[in-house]
Amino acid sequence: ASFTLLCFRSPLVAPLILALLLQAPFTQPSTITQPNFVLLLADDLGIGDVGCYGNDTIRTPNIDGLAKEGVKLTQHIAAAPLCTPSRAAFLTGRYPLRSGMDATNDYRVIFWNAGSGGLPPNETTFAKILQHQGYSTGLIGKWHQGVNCESRNDHCHHPLKHGFDYFYGMPFTLISDCQPTETPEMDRAFRRKLWLSTQVIGLITFTAVLGRLTGLISVHWRTLACLAGFSLLFFISWFSSYGFVRYWNCIMMRNHGITEQPMVTDRTTSLILRESISFIERNKHKPFLLFLSFLHSHTPLLTTEKFLGRSRHGLYGDNVEEMDWMVGQVLNAIDKEGLRETTLVYFASDHGGWLERQEGERQLGGWNGIYKGGKAMGGWEGGIRVPGIFRWPGVLPAGTVIDEPTSLMDIYPTVVHLAGGEVPQDRVMDGRDLLPLLRGAVEHSEHEFLFHYCGVHLHAVRWHQKDTGAVWKAHYMTPIFSPPGAGACYDRGFCRCFGEGVTHHEPPLLFELSQDPSEAKPLSADTEPLFDTVIRKIGSAIEEHRRTLTPVPEQLSVSNVVWKPWLQPCCGTFPFCWCDKEGDN
């Protein structure tokens, strides 16, 4: 008591205590109604490519700064190891097979702008809910969720049909075919087979005609005409699509209109950055959602001259460092408009780095650090464990690291709840609100189990045993690496999900990730006393999970992913599709 009286008699201490009593407590989310959201999603970036996740040779000071000023997740998991299904899950908060956005075949992504598959109109994205809450919603960059269903301009899968007020970017994805100087990337092996078949058919036709002219063989001219016609039709049937990939897939759009066909890659980066900053400036006086979906660091690694040759990791490193610079420019725009304290910033990658992407001695894909596997591999950590960083000054504690399992699907309920909306109640939602975990209000993630799919095939399951802190992971299928022991599928370019491309494990391969994050030492009943208990527990979770699945139309079926000329977006009169409205401006 005497100490208290002494303190209050002090002329310096009394005002200090009074100020502390009157000071607002650590900012609660409820005191900031409807914060802004800036969601930054990299393309094909490996978790090992970022400084704050252990890379000491690629410079990423702006991304690292987000981690210092916010919360870094070390076990942030993509719902799929490829672009289209992972982004579908991100947008809907649901495993992609619930919306039909995962495949039973080897075509596991949207393959053409002129395909008919895509994110179904009956799916509700977080953008659509925020739109109903009064937000201005913008998507800048990559979409890769489809465009049309039945006609060239129905735009049933378009971003503006899925809750975005504004769209500028690629409806497809960046591929090497978009860069005239690069080796074609899209369906490369299949294209080689088509060329070979065309040459064989042409040779047969030429030989038959030559034989008829020299009298060596007796063939009716009508037969030869039919054979020549077949050869020509076969060539046209595939060259009309694969011969013009740059014109059909490499286009830029603003809302429903095409601005560049084909895209002018030299200015793509500057235009995407300009559009992102402009969106922030236009909407600074009301709540907004900006989803900046980077084209970095997907091949062909579009990099401006300013950043070429700056990194120690060739073109890929240059590209990552340029993306980090873009992150910094967006953050500067937020600060310039006085929005720092009212904006939640999120940074992640859609899946792991592409190990097999090489051209000669050049490594054009990312690095996944200590984690096994990479892009297209549904079970191994390298394909699905990605960077995950949140920053919201005054609300989220700075410099925090969280090791709990989280998912890209968690963004959905997190932003919806902060915006004052409600997640849909008429469907199964797989994401969980992260805010209590990010703020430290709870110790554990709400995820007990996470299911790791490759296409529609369940490859692995993660169980977070919260009472012990253990993170068990059981692999039921794993890809067969080629050449054997190489750590990736270099012979094919992608690892397969099923058939002869995988090994089935019975009993499953079991790892304890908190002790063995590299998945190097599989456990067995002989080495792990809890082996049988863990496998039974995970098996029961799989049965329960499968009871929640309902049949839906398969958006990535062969019939949906093939090129359909009547669905081709075109800024002219098809097939004469060419325009450069950005250049005209």
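## Chatting through strands and helices

Visitor: Hi! Which strands does β8 join, and how many bridges are there?
Guide: Happy to help; bear in mind that this is a predicted model. Strand β8 (residues 343-349) is joined to β11 by four bridges, and the two run antiparallel.

Visitor: Which residue stands opposite Phe390 there?
Guide: That would be Tyr346, which faces Phe390 of β11.

Visitor: And what else pairs with β11?
Guide: Strand β2 (residues 71-77) does, in the antiparallel sense, over five bridges. Within that topic, Ile77 has Arg385 in β11 as its bridge partner.

Visitor: Is β11 mostly covered or uncovered?
Guide: Mostly covered: of the seven residues in β11 (385-391), seven are buried.

Visitor: Switching to helices, how do α3 and α10 pack?
Guide: Helix α3 (residues 61-69) meets helix α10 (residues 314-336) at about 55°, and their axes are 7 Å apart. Angles of 65 to 115 degrees would count as roughly perpendicular and those under 35 as roughly parallel, so α3 and α10 are oblique to each other.

Visitor: Which residues meet?
Guide: From α3, Pro61, Asn62, Ile63 and Leu66 touch Met323, Asp324, Trp325, Val327, Gly328 and Leu331 of α10. By class, this contact has seven nonpolar, two polar and one charged residues.

Visitor: How far does α7 reach?
Guide: Helix α7 (residues 221-242) spans 31 Å from first C-alpha to last, close to the 32 Å expected for its 22 residues at 1.5 Å a residue.

Visitor: Which of its residues are buried, and what do they pack against?
Guide: In α7, the buried ones are Leu224, Ser231, Trp238, Ser241 and Tyr242. The buried residues of α7 pack against α6 (188-214) and α8 (245-249).

Technical notes. Residues are numbered from 1 along each chain as its sequence is written. This is a predicted model: local features need pLDDT of at least 70, side-chain atom pairs count only at pLDDT 80 or more; totals for chains, interfaces and linings use all residues. Side-chain values use heavy atoms; hydrogens and water are left out. Axes are lines fitted to C-alpha atoms, for helices over the stretch in contact, and angles run from 0 to 180 degrees between N-to-C directions. Angles under 35 degrees count as roughly parallel, over 145 as roughly antiparallel, 65 to 115 as roughly perpendicular and the rest as oblique. Contact means heavy atoms within 4.5 Å. Ala, Val, Leu, Ile, Met, Phe, Trp, Tyr, Cys and Pro count as nonpolar, Asp, Glu, Lys and Arg as charged, and the others, Gly among them, as polar. The expected span of a helix is 1.5 Å times one less than its number of residues. Buried means under 20% relative accessible area, exposed over 50%, partly exposed in between (1.4 Å probe, protein chains only). Two strands pair if DSSP finds at least two bridges between them.
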